[in-house]
Amino acid sequence: GILIMNTRKTYSSKFKFKIVLEAFTERETLQKIANDNEIAPSQITRWTDEFKKKGADIFKLISPTSYLRRCNFIIISNFL
């Protein structure tokens, strides 16, 4: 039989964030950013739309201090 490999590229969150920030600065066109990074302009549009939709959630993330307090509570309560 013939084995067909999935050729979809995957991109790291850091790469996507870098591209979105470039797009938001509007110093270059989406086409130029896409060409420079070997991606489709429509991909940049999807990532910027996703960022606009979910970007506010970053402020809902738990603070490091609160996280440590929760971990400490869990550790202590496990010994009780």
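**Exercise 1.** Is K54 buried, partly exposed or exposed, judging by its relative accessibility?

*Solution.* Keep in mind that we are working with a predicted model.
- Step 1: Recall the cut-offs: buried means under 20% relative accessible area, and exposed means over 50%.
- Step 2: Look up the value for K54, which is 47%.
- Step 3: Because 47% falls in between, K54 counts as partly exposed.

**Exercise 2.** Find the salt-bridge partner of K54 and describe where the pair sits.

*Solution.*
- Step 1: The partner is E50, and the closest N and O atoms of the two residues are 3.4 Å apart.
- Step 2: A salt bridge needs these atoms within 4 Å, so the pair qualifies.
- Step 3: Both E50 and K54 belong to helix α3, where a spacing of four residues makes about one turn of the helix.
- Step 4: E50 is also partly exposed, at 39% relative accessibility.

**Exercise 3.** How many salt bridges does the structure hold, and which residues form the others?

*Solution.*
- Step 1: The count is three salt bridges.
- Step 2: In helix α1, E22 pairs with K18. Their closest N and O atoms lie 2.9 Å apart.
- Step 3: Why is about one helical turn between E22 and K18? Because they are four residues apart in α1.
- Step 4: Check the surroundings: E22 is partly exposed at 27% relative accessibility, and K18 is partly exposed at 37%.
- Step 5: In helix α2, D36 and K32 are four residues apart, again about one turn. They form a salt bridge with closest N and O atoms 2.8 Å apart.
- Step 6: K32 is partly exposed, its relative accessible area being 36%.

**Exercise 4.** Name the residues of the largest nonpolar core and say which helices supply them.

*Solution.*
- Step 1: Eight residues make up this core: I19, V20, A23, I33, A34, I39, I44 and W47.
- Step 2: Three helices, α1 (13-25), α2 (30-37) and α3 (41-54), each give at least two of these residues.
- Step 3: The largest share, three residues, is from α1.
- Step 4: For background, nonpolar side chains tend to be buried together in soluble globular proteins.

**Exercise 5.** Which residues does I33 touch, leaving aside those up to four places away in sequence?

*Solution.*
- Step 1: List the contacts of I33: I19, E22, A23, E28 and I44.
- Step 2: Compare with the core: I19, A23 and I44 are core members, as is I33 itself.
- Step 3: Now look at E22, another contact of I33. You met E22 earlier as the salt-bridge partner of K18.

Methods. Residues are numbered from 1 along each chain as its sequence is written. This is a predicted model: local features need pLDDT of at least 70, side-chain atom pairs count only at pLDDT 80 or more; totals for chains, interfaces and linings use all residues. Side-chain values use heavy atoms; hydrogens and water are left out. A nonpolar core is a set of buried Ala, Val, Leu, Ile, Met, Phe, Trp, Tyr and Cys residues joined through side-chain atoms within 4.5 Å. Buried means under 20% relative accessible area, exposed over 50%, partly exposed in between (1.4 Å probe, protein chains only). Helices (H or I, at least four residues) and strands (E, at least two) are DSSP runs, numbered from the N terminus. Contact means heavy atoms within 4.5 Å. A salt bridge is a side-chain nitrogen of Lys or Arg within 4 Å of a carboxyl oxygen of Asp or Glu.
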